[in-house]
Amino acid sequence: MIQGNYIGVQADGVSPLGNGAKGIHIDPVSGNTIGGIGANDGNIIAYNGEDGVTVNPVAGTDNTILGNSIYANTNHGIDLNNDGETDNDGGDIDAGPNDLLNFPVITSAVESGGTITIDFDLDVPAGDYRIEFFDNTAADGTGYGEGEAWVGSYDVLTHPGGLASYSTTIPGSSGDILTATTTEAVAAPFGSTSEFSIAYTASDGIFVVNSTGDAGDNNIGDGVCYTGGNNSALANECTLRAAIEEANFASNANTINFNMPAGESGHSGGIWTITPTAPNDDIVHTVLIDATTQPGFVSDPIVQLDGS
């Protein structure tokens with residue numbers, strides 16, 4: 001049992017003092033506990049030269065990782081099998097350390113009044129599970145998270161097995177970069193813990209188109225409308241195509257607004273024309289596309305969609 005320790009930081013709990021390799025390396029015994037759900041159980045695990053926590057291939061199962069602050073490690077926050085990110089598998093039937101337990105997939109995170117409503121999918125065997133959520137300064141370069149600051153948990157009771165969807169709320173703000181883990185059971189003794197999920201950025205449910213371009217989103221499902229390029233004002237580009245792609249993925253995102261600068265190539269004579277090179281995706285739930293939000297609108301339309 002490892003609880004209440006500073007691993008990779010100095011005694012002030014902040015300044016870096018990382019290990020050259022892994023922060024914690026579980027090998028070869030099962031049934032270890034790192035952190036917990038008590039007020040002082042969690043460890044700070046940061047600035048280490050490899051993973052924050054590695055669960056080696058022969059480490060077995062029931063290695064519980066709860067309530068920690070894991071961030072700024074060179075490789076991964078939690079690595080099951082010591083081989084990098086392990087993708088989820090359908091029905092979670094694969095075997096390995098901690099049974100390679102599937103992580104939650106955050107599908108939407110929409111903030112209103114200081115509360116974030118999170119929708120997530122869980123594809124695991126039947127049973128009870130504790131889902132922990134974390135806020136991060138940044139996601140890993142892989143797009144997967146670590147878990148810098150614990151922000152809440154949700155108990156999934158009598159999961160039927162296979163894929164199911166859930167929703168909960170946590171405190172937070174638009175722009176929070178969220179990750180999650182799955183842990184077997186909702187009270188001690190806990191079982192295996194998953195790796196961290198893919199990071200998802202909370203939004204206010206509104207995507208703002210700032211370009212007449214037609215590029216798609218560079219990472220559909222991360223909660224950010226961004227093509228990977230810039231618009232004419234050198235801001236991160238959000239096209240109508242990218243906004244629709246992100247809105248389709250986020251079940252609680254229901255508004256697309258416009259704020260396109262005059263320097264856009266599709267702007268002429270006070271009209272902004274968007275010319276798709278291919279059909280946009282079908283919109284899969286109710287979304288308000290509000291072109292009256294484009295600066296300069298008075299009464300006549302100034303945003304035009306030209307599919308000719």
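Buried here means under 20% relative accessible area, and because Ser194 has a relative accessibility of 0%, it counts as buried. Keep that cut-off in mind for the whole tour, which runs through a predicted model.

Begin with the whole chain in view. Its C-alpha atoms fill a box of roughly 70 × 45 × 35 Å along the principal axes, and colouring by secondary structure should bring out 1 helix and 21 strands. Of the 308 residues in the chain, 48% are buried, while the exposed surface comes to about 13,000 Å², with carbon and sulfur atoms supplying 52% of it. If you draw the contacts with a separation of 6 or more, 72% of them join residues 24 or more positions apart.

Now select Ser194, which sits in the loop between strand S14 (177–184) and strand S15 (200–201). Setting aside neighbours within four places in sequence, show the residues in contact with Ser194: Ile78, Leu80, Leu101, Asn102, Phe103, Pro104, Thr181 and Thr182.

Next, move to Gly147, in the loop between strand S11 (127–136) and strand S12 (149–159). Gly147 has a relative accessible area of 0% and is therefore buried as well. Beyond four places in sequence, its contacts are Asn68, Ser69, Ile70, Phe134, Asn136, Thr179 and Phe196. A distance label from Gly147 to Ser173 should read 17 Å between C-alpha atoms, for a pair that is 26 residues apart in sequence.

Keep Phe196 selected, since Phe196 also belongs to the lining of the largest cavity, together with His76, Gly77, Ile78, Glu85, Asp140, Tyr144, Gly145 and Glu195. Ile78, met earlier as a contact of Ser194, is likewise part of this lining. The volume of the cavity is about 60 Å³, and a search of the whole structure finds 3 cavities of 30 Å³ or more. What is the character of the residues in the lining of the largest cavity? They divide into 3 nonpolar, 3 polar and 3 charged.

Finish at helix H1, residues 240–249, where 9 of the 10 residues are buried and the helix is thus mostly covered. Select the buried ones, Leu240, Arg241, Ala242, Ala243, Ile244, Glu245, Glu246, Ala247 and Asn248, and note that the list includes Arg241, Glu245 and Glu246, residue types that count as charged. To see what these buried residues pack against, add strand S16 (206–209), strand S17 (255–258), strand S19 (271–274), strand S20 (288–289) and strand S21 (303–305) to the selection.

Terms used. Residues numbered from 1 in each chain as written. Predicted model: local features only at pLDDT ≥ 70, side-chain atom pairs only at ≥ 80, totals over all residues. Heavy atoms only, no water. 1 Å grid on protein atoms, 1.4 Å probe; cavity = no way out; pocket = protein on both sides within 12 Å on 5 of 7 lines; lining within 4 Å. Points joined across faces, edges and corners; volume = space filled by probe spheres on them. Helix = DSSP H or I, 4+ residues; strand = E, 2+ residues; numbered from the N terminus. Buried < 20%, exposed > 50% of the residue type's maximum accessible area, 1.4 Å probe, protein only. Contact = heavy atoms within 4.5 Å. Areas by Shrake-Rupley, 256 points an atom, 1.4 Å probe, with all protein chains shown as cover.
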